[in-house]
Every structure is written in C-alpha cells, then in structure tokens.
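Grab a pencil and work through these exercises with the model open beside you. Each task comes with a worked solution, so try it yourself before reading on.

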Amino acid sequence: MISMKRTLLAALVFGALAVPALAQNKVPAPSTEAFEPKNPGWSFNGPFGMYDRGALQRGFQVYKEVCSACHSLSRIAFRNLADKGGPEFTVKEVAALAGAYKVPAEPNEQGKTTDDMGQPLTRPAVASDYFPPPFANEKAARAAMNGAYPPDLSLIVKSREEHEDYVYSILTGFGQKPPANEKMARGMNYNPYFPRHQIAMPPPLSEGAVMYSDGTKATIDQQARDVVTFLTWAGEPKMEERKQMGFKVMLFLIGFATLLFFTYRKVWHAEH
Ligand code: HEC
C-alpha cells in the first residue's frame, strides 16, 4: 500500500515537473516565419478611437516626400485631403498641393496627347485629380525595381493581416543583422517582419528624412506612426463617420429600451 502511494506521488511529481518542460520544448517555428508585428498603440483603435489630425497631416507629408517615389496611392484624389475625418487640409492648401503635380493632359485642339517630340503632354493637377503614380504601369515599376513590385498603398493597411501593426513593423524593422543561417539574396534587405525575412524595398525611412512644420521631431518611429495613420485613413476614409453613427445608434437604442421598460411597467401596473 505504502509503495503504491509512493509510486503515485513519484508519478505526480514527475508529471508536475515534466509537463512544463515539455511545453517549453516544443518544436521551434521555421526560422523565416515573419515575426509577430509590434503594436505601438494607435489613436484610432477601439470603438471611440479617432484619427490624430496632426499625424494624418504629417503622414501625408511622409507619403508625399518618401513613399510616393515608388508607391502609387491610386484611390485618393487631392480633394480627399480636405474631407472631414481625413487630414482636413483647407481647400486652398489642397489646390496648392495639387498644382505642384503634373498629370497627363486631355487631348489638345489637334486631338493630340503628345507634343512634336512624342512626349506626353501634361497639365498641373487640380483638386479632383487622383495622385499620379510614380510608374506608368507594373512592368515599368518592376523594371526600375530590380524585378520587385512596390504595391499601391491605398489599401495596404486593410489588405494585410495585422493591418497597421504590420505596416508599422515593416517600416521600423530594418537595420538588424540577419542570423548566420539566413542567406540574403542579392539586392534584398533583411526585415524579419516580412514573409521570408527578405524584402526588395530598401529601408525607406531615416532620422530626420522629412522636416515637420509643426515642430514634431522626425524620428524613424514618428515617421512610421504618422505614415501608417495616414495610410489607415486612406484605406478607411469614413471610419470616423461610421463610429459616430454607431455611437448615435447606441444612444438611440438605450433611449428606446428605457422608454419600453417604463411603458411596460406602466401598462402592467395598471393591469393589477
Ligand atoms: C525605393 C523605392 C521604395 C520606397 C521609397 C518605398 N518603398 Fe515600399 N516597397 C518597395 C518595393 C520594391 C516593395 C516590394 C518588396 C518585395 O516584394 O520584396 C515595397 C514593399 C512595401 C511594403 C510591403 C508590402 C507587402 O506586400 O506586404 C510596404 C508596407 C511598403 N513598401 C510601404 C512603404 C512606405 C509606407 C513607404 C514610405 C515610407 C515606402 N514603402 C517607400 C519600394 C519602395
């Protein structure tokens, strides 16, 4: 009897020690699986979260001065930058911004869209124009980018798993040394937040790459947060409106439920 008790005890002790040890000993994930993205905390998350207006304006600046050299933003027209719930630049500011871009001109009086030299005719953009892409098409982009394709950024936050955290992690995930067992292909950059840890994009951000007019210090982290806020808005420009509507609906439902409750009480009170 005693020996059986001992055996049981031994088994229990062994179990208590072995189970956690086994759990820690699980097979390591393949080494090139993308790292879990970082979450720096966003103003726009949660049921009442709204975009930080300053971040939207600064983020637009980062897109314009850095990302737009390689990535298009095809779903955003200049006028959207003045929309409520967006960066909310003034109409005047938007006109000035647009005017600095050149877009393909409509056919001239001779019905032509090219000049004598065969060069495409252009005109200054206006508020209703969409952001002109940096390359004529995907083929031209790949030719310039060593075969890789910089995707359009309009829906990048929405279309990737882990959304804003993923884009933020990619932007801030450069600069680490690849582990010895990960051979880098030519022209690729190590970024453990990207699938397979190799990305054709060179590190796009550097300290002070832009000069913020509101005095915010342009660290890499700050630029990444700002441009990700801007790109989140670009993919979901009506988020603030949607949340405000949701809030109103909730208020209405609470009011309606309260009214029903008292009506019910009154009706049944009268019955008795
Ligand atoms: C010099 C050109 C260049 C610049 C500047 C650049 N990118 Fe890229 N980017 C690329 C290329 C090329 C790829 C495709 C990489 C690949 O497929 O390996 C890419 C990929 C990405 C991806 C990953 C997309 C995916 O498929 O998951 C994100 C996110 C991204 N870029 C965001 C940005 C942002 C934001 C900026 C501005 C801060 C920026 N990029 C600036 C060239 C550039």
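**Exercise 1. Write down the order of the elements from the N terminus on.**

Solution. Going from the N terminus, you should get α-α-α-β-β-α-α-α-β-β-α-α. That's 8 helices and 4 strands, where helices (H or I, at least four residues) and strands (E, at least two) are DSSP runs, numbered from the N terminus. Keep in mind that this is a predicted model, where local features need pLDDT of at least 70 and side-chain atom pairs count only at pLDDT 80 or more, while totals for chains, interfaces and linings use all residues. Residue numbers start from 1 along each chain as its sequence is written.

**Exercise 2. Work out whether H6 is mostly covered or in the open, then do H8.**

Solution. Start with the protein: 23% of its 272 residues are buried (20 or more other C-beta atoms within 10 Å of the residue's own, with C-beta atoms placed from the backbone). Next, take H6, residues 163–172: 10 of its 10 residues are buried, among them His163, Tyr166 and Leu171. Its cover includes helix H5 (156–159) and helix H7 (220–235). Now turn to H8, residues 239–271. The number of buried residues there is 0 of 33, so H8 lies largely in the open.

**Exercise 3. Check the span of H8 against its residue count.**

Solution. The expected span is 1.5 Å times one less than the number of residues. For the 33 residues of H8 that gives 48 Å, and the end C-alpha atoms are 48 Å apart, so the two agree.

**Exercise 4. Describe how H2 packs on H7.**

Solution. Two packed helices are described by the angle between their axes and the distance between the axes. Axes are lines fitted to C-alpha atoms, for helices over the stretch in contact, and angles run from 0 to 180 degrees between N-to-C directions. H2 (residues 53–65) meets H7 at about 100°, with the axes 7 Å apart. The pair is therefore roughly perpendicular (65 to 115 degrees). Residues in contact (C-beta atoms, placed from the backbone, within 7 Å) include Leu56 and Phe60 of H2 and Val227 and Trp233 of H7. By class, the contact has 8 nonpolar, 3 polar and 3 charged residues.

**Exercise 5. Which residues come nearest to the ligand?**

Solution. Of the 23 residues around the ligand, pick out Cys67, Cys70, Ala200, Met201 and Pro204 as the nearest (C-beta atom, placed from the backbone, within 6 Å of the molecule). Then ask which element gives the largest share of the shell: helix H6, with 3 residues. Last, sort the shell by class: 21 nonpolar, 1 polar and 1 charged.

How values were computed
Nonpolar A, V, L, I, M, F, W, Y, C, P; charged D, E, K, R; others polar. Buried ≥ 20, exposed ≤ 12 C-beta atoms within 10 Å, placed from the backbone. Contact = placed C-beta atoms within 7 Å. Parallel < 35°, antiparallel > 145°, perpendicular 65-115°, else oblique.
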